[in-house]
Structures are given as C-alpha cells and as structure tokens.
Amino acid sequence: MNSLRLRPSKVPAVLTAVVLGSLLFAGSARAQSVSLPEASREQLDNGVVLLVNEKHEVPLVGIELVLRGGGVRDAEGKAGTASLYAGLLERGAGARDAAAFAEAIESVGGRLSASAERERIRISAEFLARDFPLALELLHDMLSAPTLAETEFDTLRERQSNFILAAKDSDPGALMPTYAAGFLFAGHAYGYPLAGSENSLGSISHADVLDYHANEVGGDRLIVSVSGNIDTEEVLAQLRQAFGDLAPAGRELVELPEPARAVGQRVLLIDKPDATQTYFWIGSLGVAIDYPERPALDIANTLFGGRFTSMLNTALRVESGLTYGARSVLIRPSKTGSLGISSYTRTDASVEAIDMALGVLRKLRSEGIDDDMLRSAQNYLLGDFPTRFETARQLARQFAMLEFYGLDGTTYIDAYADALRAVTTESVARVVASVYPAEDELVFVILGDAAAIREDMSRYGPLQELSITDPVFTTFATVE
Amino acid sequence: MSLYSELRRRNVLKVASLYVLAGLLIVWLTWVARTQLGLPPWAEEFAVVLLLVGFPVAIIFAWVYEITPSGLKKAIEVDQTQSIVFKTGQKLNAALIVTVGLAVVAMVADQLLPDLAVPPPPEPPAEPTVADVADAALGGDVPGEIVSFTLGNGLRVIVWPDNDIPNVAMYNFVRAGGRNEYPGITGLSHFFEHMMFNGTSRLEPGEFDRIMEANGGANNAYTSSDVTVYQDWFPRSALEVIFGLESDRFANLAFDDDVIESERGVVQSERRSRVDNDNTGRLFEQMFASAFIAHPYQFPVIGWPSDIAAWTKDDLETFYRRYYAPNNCTLIVVGDVTAAEIYQLTQNYFGPIPPQDPPAPVRTVEPPQTGERRFVIETEAQTPLLHIAFHAGSAADPDTLPLELLLNVLAEGDSSRLHQRLVERESLAISIGSYQQRGFDPGLIYFYMTLTPETDPASAEAVFFEELAAIVADGVSDAELRKAKNILLADHWRNLATIDGKAEALGEHEVFAGGYESLFERPGSVEALSVDALREAAARVFRRGNATIGVLRSPASEDES
C-alpha cells in the first residue's frame, strides 16, 4: 500500500511519499453521510400506510406500492401465481382493457410496472408530476378493480412459459438464481421459482389468480410511498381517497418458518449439451434482513465478492483470465436468506475455476482482512452511498422498503455511514466466521455440457441431474 | 567515540537533513515551473536524479571537510580544540529552519497561487438550482453554469457543476471503436478498453481499480462501433486521485505480455457469454455482418474469435498511439465541482500529454443496398428469433430524430403498433424491441422479435411488413405523434435527474450531435416535428429492398412433418 507511484495530488510524488505519507486514501470519503429527508407517514383505518416526501428538483414523481405476500404465498405446485397476478394487474383495470391501460401510461411518457418478488408484490411507477392524478387513477383501479380477464390470463400464462424457454436459449446465466434457490431451500417457499416453471404455470388456473386477488390483496397489506415534485397535504388527501376503502385481504399473513439448515455437499447438474461454458453457483444459507452486524457484513462481502477488486474477481478474472466476472451475493429477506458465489468459465476450466473460488473462500475464513482492506471497503461503500438517494423514484422505494421491513430510517440509513466507519477487522472476522460457510455446508449448482463435466463435478458431492429442457427448476416434485 | 556521535559532531546529519529539505523544495519548485511555465514533462524527474546523485557527494564532503576560520580544511587535519563545528552547526540549524519556513510558505502558496497563475475560465454567475436548470432545459436554453474549454493539446472538456449530492460522474469519450478496425484486428478497440485497466509504467496491473475503489470510486467502460467510453463515479473527496489515475493511463499505459494473455482469456469468456451461448447475441452479430458488406460496422465490436486469439502487442501499441491522444477525446465532468477547479485539474494532469496526428478518417462508404438480404442460423432453439434491419443515416442525419419517434410508435411499450399486433392480437411473438444506431456513419434501424415456439418466422415477417407498409402509406396519427413526443420528453427528464445521466447525455450530444448545446435544443426540435416528417422518413427507410432479414431456428427435423 505504500508503493504508490502515482501522483494523486498537486504535490509531486516524491514529495508526497516523504512529507505526506501514503496518499492511497486521499479522500476518506468524509462528506458521504446521508440524511434521509423527511417523509410524512400516515396509517389509514384499513391499515394502508401512506408515505409522502417532497422533492422538487425535477418535475417527476416516483410512486412505489408494496403489497405484503408475494411469491411465498403461492400454493404448493403452483409457483408463479403471484407473478401472473402481478402481470395481470397491468392488463386491464377499471374501464380500461389491456391495450387502453398501456396506452394511458405510454401516451404521457409514464412508466409503470407490477411484479412479484419473494415476499411482496411491487408496483413501481414514474410519471411527470403534472400526470400524478392519472397515475393515481391507474393505481387505484389496479388494486380495487382489476379486470383479471380469463383471455388475458391465458395469454400471459403462455407467454410467461415461453419467456422461460427464451431465457434457456439466450441467457442461461439468468436462470441460475432460480435453480440455485430451488436446490438450496429444498422445499421452503424461498425456493419457489418466482415466475413459475413450465410445469407449475401449466397447473395454475384462472380461478387461482382470482383467489389470490380475494385473499392475498388488501388494505392491511399495502404500503403506498410517493416522492417528487408534489405537495404533501394535497397528495395525502388524494391517497386517502384512493386507498381508504380498500378491504382487508381474505387470508391472514402467517409468519414464514425459518428455512431448514441446508444439507451441504450436494450437486445439482443441469445439462445444456451445446454449452461451451460452465455456469456455477456455490452457496449456503445466509442471514435475514435484521442481521445485527450489517455494516461489518457489507464490508466482508464487498471485499469477498462485491466489487471489481474483490478477492473472487481478482483471482478468477484479474489474475487468471478464467472468467469475465465472479462475485458473491447476499440475499437478505425476512427470514434466513442465502449467500452465493457465482461465475462462469470455459468448459475445460470448470474444475480449475470452482476450486479457485473455494480456495478464495478458505482464504477469507482463515486469514480474514487487514486494516488497508477495511479502509478501502469503508470508503467504497461510503462513496457510492449518496447515489442511492438521488432521484424521487429511489426515495419512494427507500421509504417503502424501510416500512416493509419495519426498519427505522434514522438508524438504518442516517447512522449507517458512522456505523461503517466504526467497523473493525475483528468485527469483520467475527462476521466471516459466523456467516461464510465451511466447505461441508456448501451446495453446488452447475449448468453446462454434462457429458464433458459430469465426472469432474461428482467430486463436490452426490449429483442430481436436470436437463435444460426439463420443464422444472428443481428435482422436488411438490414445489412445481 | 562512536560513529554516530562523530557524524553529529561533524554536522553530517544536519547537512543531510538540510539537503533533503532543500531538495524537496527544489523538486516542488521545478514542478510548479513545469506546470505553470511549460517545462518538459520530465523536468522534476531530472531534478530528482541530479539531487540523488549529489546527495552522497554532499555527505562525503561534510564528513571529510570542516569549515574553519581560515577556510575549508580536511576534518582530520583540524585541531579539535580549535574546531568551530558547533558554530557551523548553529548556522545549519538556522538554515534548516529557514528552509522549513520556505517550504511551508511554498505549500500554502501552492494552495492559493495556481488559480492565479493560470487564468481560469469565466466562473458562471450564481449557482442556479437544479429546478432552474430544468426550466432552462425545457425552454431550450443551455444552463448557464455549464462551462466548456479546449486544452492546448486538443482535449475538449465540458463541466456541469451540480451539488445535489457530494459525488461526481466523469465520462471520457475516446473516438475509437469497431469502425476503426479491419480484418485481423477486429475487436481491438474493445480489447483495448480492457487493457486500460491493466497497469501503466507507474502503476502495477490492478492498482487502478484498487486505488479507485479504496477512495470510494467505481468505474466501468463500454465500447461501441464508434467510441470507447470510460466512466468514473466517485465522491468529491476523490477528485484529484481520479484525475491522477485517468491521466496516468492516458499517458503511460504498459503492455505486459502476461497481462495481455490473461486479458485475452477474459475477453474470450465475455464473448462466450454474450455471443456464443446467447442465441440473440449470435443473430445480432450475423445481422451486422450481413447488412454491411463494405463499411466496418460489419465487424462485431467484441471481435471475431480468430482475431481475439491472434492480435499482438504491436497492434495494441500502434492503436494506443493513434487513438488515445488528447485531441481524440472529450472529457465530461458533472457533479459537486467548480468549473475553475476542473480547468486547473485538466491543465495539471492532462495538459502535459502531447497531441498526436489525427487518426485517418474512415473512408469506406457503404454502397446503397439494392435488394432484400436474408440469412438463417440453425441451432438448438426452443424459441425462434426474427431480426429485421434497415439502412438509415448517421447520428447527425436529419431523419434520425423522426425515426426515433417512429420507433416509439412502432415498438416501444405494450401500446406500440408492432407489440399490439404481433404479441397481443396474433400471439406470433412473445416480445419485440427496437434499436437505432446513432453513430458517426450511416447505421441501422433494427427490430428484434422473439417468436413463440410454434410460430413460423415467415408469418411473423409478413405481419411485420404489413405494419411498416401502413406507416409508409398513412403515417402516424396525431395521438401517436403526441405519445412518441411525450415518451421522448419524459426520457429527457429522467436523464437529467442524475449526475450520471447528465454526463452521458452531454457527452453523446457533444460527440455525435455537433455540440453539447444540442441536448437542450432536443425538446424544441422534437416539438417541431410533424406527422409528415415522420411519414417521409419512414418512406425513405422502410423499404423491402433496404431490409436485411435474419432468422434463428432449430434445424428442420425430418420426423416433424
């Protein structure tokens, strides 16, 4: 770290080295704290939570609707129900059929999309502020009077199935998280394929979607967050009017069980005979959103696989040229989520790349991190932090997510910068030891030319196999 | 008597300290002289070498000789009872204090003076709010706080101060892309983009990213057929570090054989992901190779596999000299900065990089297409693909804006004509999208469709051409024109909502549309377009004889009849 040979300041390098010491950390990101702006919060009698924030820089308004529930509420064998329901919300509501609905949004240059996530349905919109009344009318109609037409259901269900086929042809890497979650969570709702599989989509009926609307959608599940060039009192009044009479959902939202501790050293091999590269995901259970040592964990994962100079990307890409990219991703939902290492490499280098990734994990666990790494990761996370709160749309989403998880913005956002600065190498070591798995806890998901790699992959554990053309993502029949 | 105490007695340590301090001061003064007075870039290196050579001489001199009232004598010849080394030591102390004082004065002056020494560009009046900026943009006025200038070496710089967040977005547009390549070096521009992160004569491979991230910055880069663009996003506190890093790789890039081989592997992996294992990517590549028969837009930006495997260090060095010259680049800085400080930083860091002869122009002009072209890729595919492209103009062509509006009507969003017809009403496709090439030379208008597994590409193609024929014959409705304009206007605002979006939009307009000012003329130009302008543009471009049609499908199996 002190072999800096670059001129980072007006002062020439020789002077820098002697007089000022290492300038590697010239900036130390002093001013990078974020104070979340004020948002007005109001809970209506039917349970709807309203969040409104004024942001006047540009004449746009961002709107985020969050409905608790989502993919985890899909019935067994019917994964994809919430996703189809969300898709249908865009295909006709109130007096508008699907075409008129799309026309209404696009004719004013607006954007609006509804999608199912694991634990919620999200409707995300951005309009010119002058079109807020139209946006609100559309959103109201979606929740209170969606058409949910059977013909639209048939069309959407078939299209969603074809999208899976298209991804298998053109972007198999994009399906890896779906295969991985199914294999890791082994029957828990976190493992359901969110958009369904060809099989599960086939078993969902129009009645299932109507049932979802009646029982999984209601005021008691709804958060509405608005940020932009608007007037708070005016918008609050409009929101009360639009969502105040939404009835509660028919079913109670029961708490999810914790995922069972995963059995490690298992391999799921997905055969794609024409593949010239092998995609791999190596992972284990991780942590939940309320993990108490979030700053230390963010630093650990930034260093391990969360940025370009991470340990994983340095080993697999920068130093060996085995891949275009390698990373580690933490998914932190309400209950225990996942930690996964993912990358891809040419078929004949599959073992070399996987072993190298395992070696990097061993190194993290045995050697931990040093002071320079810690400071680098702190600066990196602080440097990027303000850019996540730049637009009205980002703010609307931040407020909605804090509400969804019951998090306090003062501690979760405002105090985050100081909490990051307070992390020590010891606290990172503690977090690494408790979150980053030993090798016998790891499960492996491998997609590639099975004939070429099957034998090699069996060294990581007993194999289960699927073909890329199989209409399912897991080997557990009940889920799909 | 120990060596140490004798070193002290003979004032050798004081002489050494004084020498180091005075030396540092000299190096600093040389640096100031270089940056302010235009001394050659090696000036302070030269001073350092001279000082290093002189150091042992001075130490030996101090050890061997001693100042006495009767002049300089060898120390061992001086009677120690008569020695005045203590007095000499006091003088040296005084000299040390004076030198330190001078250094402090100089350092303080450094913070204050350069801004005076080099006349800064005119500082804009008061900092307007972003809302003012937005209003100005709508009215077609160029926001007053934007400042542009060109350095003596030809580097063009545009600065848009915006202190909404304490961050900065910096884009460097290099005029080098696939169009500057030829058989044997296809993909070199893109490979070069990778090499720009792999070490200089001053920084080891990997240090660029390590220093950038350690200071809170992040970066990326992309290569197109026309340009290679380097992007940095960082906290304001890292401003000078980033300028140091960026200018270093533009002046001192290293070409290490092992690094080149390793990066070749990375690019081969990228190609496998983006093209070879991606049916859409494969068809896209073949489309450009088929639609262009003469112009270098026919080459894939990532390069043909045989060229990726074969290009040499010489190719890279030649390319670097030719294209990575300040007079071939445009630098955009948006965020929590002032125009004056960016002027100073670009002078200090990029100013010393010498210009090069401008690259040779791309001479080849694609001859007019005189009939429909077709090609087929047969490969395992559960969903067939249909891509159709038409030759159109360059970014600066007057038809480019009406065609952009036409694409909004035809293929943007669920309410667009082609989506409604192909996806919703006839279920022939599961998705359709469009892309307009806006480069230096005439490019393509590109439609890509993913078909349902049972769709015959020929039937989707027939419907597609029916829709285009309708546009050519009847044009678009007033409501469709209004919608297309609104989409464009809202996108304009979204771009201006972030410092990153502003930097990219400024750069695109500066490089491709004749000047960054044209970004702010865009809403007005859009409003001025009529239904007729769109129909005329459609008639010129959407002709069958101007189309290339590409299909990707599974090989026809014999038991499938």
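These legends go with close-up views of a predicted model.

**View 1. Helix 9 of chain A, with one side in and the other side out.** Start with the length: helix 9 of chain A has twelve residues and reaches 16 Å from its first C-alpha to its last, close to the 16 Å expected at 1.5 Å a residue. Now look for Val235(A), Gln238(A), Leu239(A) and Phe243(A), which are buried. They cover an arc of only 105° around the axis, so they end up on the same side of helix 9 of chain A. Swing over to the other side of the helix and you meet Glu233(A), Glu234(A), Ala237(A) and Gln241(A), which are exposed. What sits over the buried residues? The cover includes strand 2 (49-54), helix 4 (132-144) and strand 8 (222-228) of chain A.

**View 2. Strand 13 of chain A, covered on both faces.** This strand takes in residues 443-448, and six of its six residues are buried. Val443(A), Val445(A) and Leu447(A) are on one side, with Phe444(A), Ile446(A) and Gly448(A) on the other, and all of them are buried. Two other strands of chain A pair up with this one. Strand 9 of chain A runs parallel to strand 13 of chain A, and six bridges join the two. To spot where they meet, find Val267(A), which stands opposite Phe444(A). Strand 10 (residues 277-285) of chain A is antiparallel to strand 13 of chain A, and here the bridges number five. Check Phe280(A) in this pairing: its bridge partner in strand 13 of chain A is Ile446(A).

**View 3. Two loop residues of chain A with a positive phi.** Ala186(A) isn't a glycine, yet it has a positive phi of about 40°. You'll find Ala186(A) in the loop between helix 6 (176-185) and helix 7 (198-203) of chain A. Because Ala186(A) has 19 C-beta neighbours inside 10 Å, it counts as partly exposed. Gln265(A) isn't a glycine either, and it has a positive phi of about 55°. Look for Gln265(A) in the loop between helix 9 (232-243) and strand 9 (266-271) of chain A. With 13 other C-beta atoms within 10 Å, Gln265(A) is partly exposed.

**View 4. Where chain A touches chain B.** The contact takes 75 residues from chain A and 76 residues from chain B. On the chain A side, elements that each supply at least two residues include helix 1 (13-20), helix 3 (98-106), helix 11 (311-318) and strand 12 (338-346). Which element of chain A gives the most to this side? That's helix 5 of chain A, with nine residues. Sorted by class, the side of chain A that touches chain B has 33 nonpolar, 25 polar and 17 charged residues.

**View 5. Gly550(B) and its surroundings in chain B.** First, some context: chain B has 21 helices and 13 strands, and of its 561 residues, 46% count as buried. Zoom in on strand 13 (residues 547-553) of chain B, where Gly550(B) lies. Is Gly550(B) buried or exposed? It has 26 other C-beta atoms within 10 Å, so Gly550(B) is buried. Leaving out residues up to four places away in sequence, Gly550(B) touches Leu283(B), Gln286(B), Met287(B), Ser290(B), Phe375(B) and His387(B). For another landmark, try Pro166(B): Gly550(B) and Pro166(B) are 384 residues apart in sequence and 48 Å apart in space, C-alpha to C-alpha.

Definitions and conventions
Residues are numbered from 1 along each chain as its sequence is written. Chains are lettered from A and ligands numbered from 1 in the order in which they are written. This is a predicted model: local features need pLDDT of at least 70, side-chain atom pairs count only at pLDDT 80 or more; totals for chains, interfaces and linings use all residues. Helices (H or I, at least four residues) and strands (E, at least two) are DSSP runs, numbered from the N terminus. A residue is buried if 20 or more other C-beta atoms lie within 10 Å of its own, exposed if 12 or fewer, and partly exposed in between; C-beta atoms are placed from the backbone. Two residues are in contact if their C-beta atoms, placed from the backbone, lie within 7 Å. Ala, Val, Leu, Ile, Met, Phe, Trp, Tyr, Cys and Pro count as nonpolar, Asp, Glu, Lys and Arg as charged, and the others, Gly among them, as polar. The expected span of a helix is 1.5 Å times one less than its number of residues. The arc is that of the directions from the helix axis to the C-beta atoms. Two strands pair if DSSP finds at least two bridges between them.
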